[in-house]
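I am opening this notebook to keep track of what I look up, one topic at a time. Each entry begins with what I wanted to know and ends with what I found.

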Amino acid sequence: MSDAENVNDNLNEFEPVQVFPESEDMDLRPGADNCYKCTTCDTACPVAEVDDKFPGPKFQGPEQWRLKRKEDEGVDDSIMSCSNCMRCDDACPSSVPLSQMHNTARGEYVEEQMDKLSREYIRNRILANYNTLAMLGSKVPRLTNFVMGNSLVQKVNAKVLGITGEREFPEFAEQTFREWWEERGGPQVRSEEKRVAYFHGCYSNYNTPEVGKAMVRVFEQFGYEVVVPKQRCSGTPMFANGMLDDAKRAAGINVENFTGLIPEGYDIIASCTSCSMSLRQEYPELFDIDGIEDLSTHTYEALEYLRIHEDLHGAIEDAEVSEQAFAYHAPCHARNQGLDRQAVELFRDLDGVTIQDVGDSCSGISGTYGWKEEKYDTSMAIGEEMFDHMHHAEGNVGMTECPTCSMQMNHGTGYEIRHPLQLLEEALV
Amino acid sequence: MTETPSVLVIGGGSTGCGIVRDLAMRGMDATLVEKGNLTHGTTGRMHGLLHSGGRYAVSDQASAKECIEENRVLREIASHCVEMTGGLFVQRPEDSDDYFQQKLDGCRECGIPAEVLSAEEAREMEPYLAKDIKRAIRVPDGAVDPFRLCVANAASAEQHGARIETHAEVVDVLVEDGEVVGVEVKHDSGPGTRTHKQPGTTEKIYADYVVNATGAWAGQLGEMAGVDVEVRPSKGVMTIMNTRQVDTVVNRCRPKGDADIIVPHETTCILGTTDEEVEDPEDYPEEGWEVDLMIDTLSELVPMLKDARTIRSFWGVRPLYEPPGTGTEDPTDITREFFLLDHDERDDLPGMTSIVGGKLTTYRMMAEQISDHVCEKLGVDAECRTADVPLPGSEDFTVLRDYMDEFGLRSPIGRRSAQRLGSRTDEVLKTDGPNPVVCECEAVTRAEIRDAIEGSGSDLNAVRIRTRASMGNCQGAFCCQRMANELAPEYDEAVAREAYHELYQERWKGERHALWGRQLSQAMLKYALHATTMNQDGDPAETGADVDFGAFDSGTDVAGDESGTTAVADGGSKSDERDASTGGTRADK
């Protein structure tokens, strides 16, 4: 037998070990099949509306993917101007996987084209990993709040890191939600039938534990056993900054810690609509992790879950609170989950409450986006419509489910902003 | 002979364009006439495979050897037309092991680099291959853009002094004293680049020698000269997918059969094909089952094709030829070799030779042989240089620069433009004015469209084949009118309108074979856009009907006039005055 024949025979049994590493990459070109270029996504894009240089989601998504050849590198840098609000997903009449295309392209751009020593990369990495920042900061909340509120520090942030000095850094709570949870001794209600695992995310842990507490008290009021597994960031800011490796690590931990509870009858509840969006949609779209689909189908937003399983409306109709008025903004990520009307539909029947939807525009901050110095003006231009409608609404308190939308609402109007769970707690507990 | 000998080439396909370039480079006075656009016949209707020779390695080794030789030449001289994708011959479990071995041996006998890949390796390369494939042979197949290739050959010929006349149909072959001395052509719009609406003329073109390179039309041409050329046109269907499911040419490894190849072509994949003899190369049925056959059969290799979107289908006719008396029954058994038919030797008609058979991959070799033949006939001693001198666009172009920065283009647009334009990128894209994208699907900018118009007149189909504008998933929905717009101010409105129509209709011709699912949605959007925003379904300017300009209101002065004499906003008459015979309906009344 000649050598050549030997080689051929062996080839039949040969198990290749990652001969072509790029085949691991996600090929989303077939997703372009769904696009018939109606351009509805472009008309729904809040960035394209205020920034003429931004080519819009149709280009970023189906067009750019279709133009790719396998070996091509070179995602257009405009992908970094996409704020990942995902309104294009909601706008598309033809199920083009737009945000999946954008997230994947952004990941590829950051991985292959962005200088890892650049200020932009370092800044984005820091912003994307807010959980780490917050964990450190909240160890000494008063000091951190003092330092971050210092105008000199803000100037340094702007100059050195490119984080806008226009915004006030969110204050850290003196006691995190998890610390409170430990202190109260965990669940106060035990149940075999009604069980939820709470995904609090970073913000209601470090910055607004009152939202997390409201969630626990409301659910316990309805007889749910609430557990709070260890968790990492949902990944939303990491997707938005193209840090897919970081997001994958966090997702791996979250999937592991939550999916084990599903067979025991737990559903996963988030109080932040971006966290629930991430677990539901982005996880299975972007990562191939054991149990990730299971987690996705068992994740709900808090109000949504109660509206499905309890007579929440009946309870609200029977309740009463002191006179108050809210200017409610539906976060884009809530809209994508079909949740944009739930707070208004619910609270308009609560005695004492006036609630007004401030329209379907985007708040403009989109998580870390509006924190970037070069994106600040765009962010505020997008928010203009919402600020305007808030001013026209009755009262001077805002309401939204999303922590960064609430920062933007507060920043643009000076209003105090509350979470629907807080009002629910006030009415029912 | 003291004067430069003159040669007339009939047929603007790859062979004709290759011949006219070769002859012009040898210093001859060469003219090419073509009845439509370049690539109008078979060249523009093929799957774009640059053969490695693997397909013929068992059945037709002479052709296989020619293919691998020319494959190597074209990679060098036509680099901007060629994408070296590599190719696979994929064996499914039901396909014969014997044939697989024969294919492998055949490749090696013909000098075609061939390597056996396990199913896992093949699927590493092409993840969408069926999970149950057995194994594959890797060969250096590639993809070639036949349009760009022909245009580049013609451009090179012109640079060497040749005359290229498209839209110049031969209406007669001139025979004097028993010798072919030239042809009479009918110019669609006068000689030179095409301008719609310009009146046609006829011209007698005399030449020392005439080459009939009309492929499947060679018989018809021969008839005009009074000779029999027994071409056996055979049709094949090709279906274009919206995206590239594979980046490698995927062949089914089994003896001849329908629907056995997928060629990645630019932004798309082309599925092919069938082989069925037809009487007339211009009039044959295009049937839906042929398209279904492509998708169904090739889904066995790449299952996702089943649900993937097709954007159009087209048919081509192979110019098959076999010497009289061979009598092959099945067209798939007819050789793919090419033949020179010297009508002097064959039919006692000096002055003309026909070239028939062959395939695009070997176009240059065919051109070289017939040019040698013509030189010999005319007593010219000149070397062929076409294997060494790159085509315009394929000159040394080793460094792909950062086109996005240099030309202000977004990176996929700059990259695709550079892939199409090759070494001409600088020359074409450097423009003073703004350079917006005209065709979004294929990333074609205004500068490239204008460059093409310069080369081909008001003919937007010629612009299309040069640039790929309107060849993407919307099939011209968003760009036909923008392309027509670029004809101004050089051409007037009536010319632009006719050019627009011609392109628009040509797009429907293939798209109508893809009207289900998502392409149907696309087609409906296209129809709605063009009908409702451009009034294309009943524009008086199109239909020739008189426009009642008096019915338009005369502006803001009469606002509030309640006499009832003013017209409705779209310029038509009010519904109660509307005569049923004027047609049209108004949804709002």
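The entries below go from confidence to domains, then to single elements and to the places where parts touch.

**Entry 1: confidence**

I began by noting that this is a predicted model, so I looked up the confidence before anything else. Chain A has an average pLDDT of 91, and 94% of its residues reach a score of at least 70. Residues 1–24 of chain A are another matter for my reading, since pLDDT stays under 50 there, and for this stretch the model has 17 contacts beyond four places in sequence. Where pLDDT is low, the predicted coordinates should not be read in detail. I therefore leave the details of residues 1–24 of chain A aside, as their pLDDT stays under 50.

**Entry 2: domains and record features of chain A**

I looked up how chain A is divided, and the domain assignment gives domain 1 (28–113), domain 2 (119–161), domain 3 (177–308) and domain 4 (318–428). Taken over C-alpha atoms, the centres of domain 1 and domain 2 of chain A are separated by 30 Å.

I then turned to the UniProt record, an unreviewed entry, which lists "domain: Cysteine-rich" at residues 196–280 and 327–409 of chain A. In the model, residues 196–280 of chain A are 54% helix and 14% strand, with the end C-alpha atoms 16 Å apart. For residues 327–409 of chain A I noted 42% helix and 14% strand, and end C-alpha atoms that are 10 Å apart.

**Entry 3: Arg418(A)**

Is Arg418(A) buried or exposed? I counted 21 other C-beta atoms within 10 Å of Arg418(A), and because 20 or more make a residue buried, Arg418(A) is buried. Arg418(A) has its place in strand β8 of chain A, which covers residues 416–418. Leaving out residues up to four places away in sequence, I found that Arg418(A) touches Val397(A), Met399(A) and Leu423(A). I also looked up Cys402(A), which is 16 residues from Arg418(A) along the chain, and the two C-alpha atoms are separated by 9.8 Å.

**Entry 4: helix α4 of chain A**

How many residues of helix α4 of chain A (residues 57–66) are buried? I found 10 of its 10 residues buried, and the helix is mostly covered. Among the buried residues of α4(A) are Phe59(A) and Trp65(A), and also Lys58(A), Glu63(A) and Arg66(A). What they pack against comes from both chains: α2 (40–44), α5 (87–91) and α6 (98–113) of chain A, together with α11 of chain B.

**Entry 5: where the chains touch**

That led me to the contact between the chains, which takes 31 residues from chain B and 29 residues from chain A. On the side of chain B that touches chain A, β6 (115–118), α4 (119–125), α11 (411–421) and α17 (517–534) of chain B each supply at least two residues. By class, I noted 11 nonpolar, 8 polar and 12 charged residues on that side of chain B.

**Entry 6: strand β16 of chain B**

Why is strand β16 of chain B (residues 261–265) largely enclosed by the rest of the structure? I found that 5 of its 5 residues are buried, and so the strand is largely enclosed. Both faces of β16(B) are covered, with Ile261(B), Val263(B) and His265(B) buried on one side and Ile262(B) and Pro264(B) buried on the other. In a regular strand the side chains alternate between the two faces of the sheet.

I next looked up the neighbours in the sheet. Strand β15 of chain B (residues 249–252) runs antiparallel to β16(B) and is joined to it by 2 bridges, and Asn251(B) stands opposite Ile261(B). With strand β17 of chain B (residues 268–272), β16(B) pairs in the antiparallel sense over 5 bridges, and His265(B) has Thr268(B) as its bridge partner. β16(B) and β17(B) form a hairpin with 2 residues between them, and Glu266(B) in the turn has a positive phi of about 55°.

**Entry 7: domains of chain B**

I closed with the domain assignment of chain B, which gives domain 1 (6–41 + 147–230 + 336–378), domain 2 (83–143 + 233–321) and domain 3 (431–534). Between domain 2 and domain 3 of chain B, 11 residues of domain 2 are in contact with 12 residues of domain 3. Strand β19 of chain B (residues 310–321) gives the most to the domain 2 side, with 5 residues.

Terms used:
Residues are numbered from 1 along each chain as its sequence is written. Chains are lettered from A and ligands numbered from 1 in the order in which they are written. This is a predicted model: local features need pLDDT of at least 70, side-chain atom pairs count only at pLDDT 80 or more; totals for chains, interfaces and linings use all residues. pLDDT is the predictor's confidence in each residue, from 0 to 100. Two residues are in contact if their C-beta atoms, placed from the backbone, lie within 7 Å. Helices (H or I, at least four residues) and strands (E, at least two) are DSSP runs, numbered from the N terminus. A residue is buried if 20 or more other C-beta atoms lie within 10 Å of its own, exposed if 12 or fewer, and partly exposed in between; C-beta atoms are placed from the backbone. Ala, Val, Leu, Ile, Met, Phe, Trp, Tyr, Cys and Pro count as nonpolar, Asp, Glu, Lys and Arg as charged, and the others, Gly among them, as polar. Two strands pair if DSSP finds at least two bridges between them. Domain bounds come from an automatic or database domain assignment. UniProt positions are given in the numbering used here, feature names are shortened, and annotations may be inferred rather than shown by experiment.
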